[in-house]
Amino acid sequence: MNQAHEMFDADLASRALGIELRSAEGGRAEAAMRVTEAMVNGHGIAHGGYVFLLADTAFALACNSHGPVTVAAGADITFVRPARLGDLLVAVAEERTRYGRSGIYDVTVRRDGEVVAEFRGRSRELPAKTR
């Protein structure tokens with residue numbers, strides 16, 4: 001079991017939302033989440049915070065798949081189309097580059113093959129003495 005799987009096993013926030021870890025290795029990860037009634041906003045669409053959380057979870061899994069404890073240094077998201085109650089969202093995170101203790105990762109969130117959101121995360125590996 002790699003660091004990403006260990007981290008996810010302890011991630012009560014993601015697991016409480018029903019996020020499923022599908023894979024995490026070599027700077028790439030895939031996670032999925034079904035949109036529930038509790039995730040739908042006043043417009044009848046998935047609240048953007050939940051979409052962000054799914055993307056952020058996939059990002060965390062990808063950057064921790066290398067082993068050292070790694071955290072987010074920043075992230076942003078662009079919402080392309082809405083997700084709705086019952087939709088299964090799949091987030092695929094891919095490492096773009098790692099340099100020193102930093103990295104850049106892109107995450108695409110899809111519903112039935114259609115892009116719902118694009119997320120870019122910046123990571124920072126923690127020094128061994130602060131882990």
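Which residues in H3 are buried? This note starts there and then follows the links outward.

1. **The buried side of H3.** The model is predicted. In H3, the buried residues are Val51, Leu54, Ala55, Thr57, Ala58, Phe59, Leu61, Ala62, Cys63 and Asn64. An α-helix has 3.6 residues a turn, so residues three or four places apart point the same way. Keep that in mind when viewing the helix.

2. **Length of H3.** Helix H3 covers residues 48-64. At 1.5 Å a residue, its 17 residues should span 24 Å. The end C-alpha atoms are 24 Å apart, so the expected span and the model agree.

3. **Asn64.** This residue belongs to helix H3. Its relative accessible area is 1%, so Asn64 counts as buried, the cut-off being under 20%. Neighbours within four places in sequence are left aside here: Asn64 is then in contact with Gln3, Ala4, Met7, Val69 and Thr70.

4. **Thr70.** Strand E3 runs over residues 70-79 and includes Thr70. Thr70 has 11% relative accessibility and counts as buried. A polar atom of its side chain lies 3.0 Å from the backbone oxygen of Pro68. Beyond its neighbours within four places in sequence, Thr70 is in contact with Cys63, Asn64, Ser123, Arg124 and Glu125. Two of these names, Cys63 and Asn64, also appear among the buried residues of H3.

5. **Phe59 and Phe119.** The whole structure holds three aromatic pairs. One of them joins Phe59 and Phe119. The ring centres are 5.7 Å apart, the planes stand at 50° to each other, and the pair is tilted. Phe59 sits in helix H3 and Phe119 in strand E6, so the pair ties together parts that are 60 residues apart in sequence. Both rings belong to buried residues: Phe59 has a relative accessible area of 1%, and Phe119 has 2%.

6. **The aromatic cluster.** What else goes with Phe59 and Phe119 in one aromatic cluster? Phe52 and Tyr105 do. The four residues form one cluster.

7. **Pro127.** Strand E6 spans 114-125, and Pro127 lies in the segment after it. Is Pro127 buried or partly exposed? With 26% relative accessibility, Pro127 counts as partly exposed. Pro127 and Phe8 are 119 residues apart in sequence. In space, their C-alpha atoms are 21 Å apart.

Conventions
Residues are numbered from 1 along each chain as its sequence is written. This is a predicted model: local features need pLDDT of at least 70, side-chain atom pairs count only at pLDDT 80 or more; totals for chains, interfaces and linings use all residues. Side-chain values use heavy atoms; hydrogens and water are left out. Helices (H or I, at least four residues) and strands (E, at least two) are DSSP runs, numbered from the N terminus. Buried means under 20% relative accessible area, exposed over 50%, partly exposed in between (1.4 Å probe, protein chains only). Contact means heavy atoms within 4.5 Å. The expected span of a helix is 1.5 Å times one less than its number of residues. A polar contact is a pair of N or O atoms within 3.5 Å; within protein, one must be able to donate a hydrogen and the other to accept it, and residues adjacent in sequence count only if both atoms are side-chain atoms. Rings of Phe, Tyr and Trp (its six-membered ring) pair if their centres lie within 6.5 Å; planes under 30 degrees apart count as stacked, over 60 as edge-to-face and the rest as tilted.
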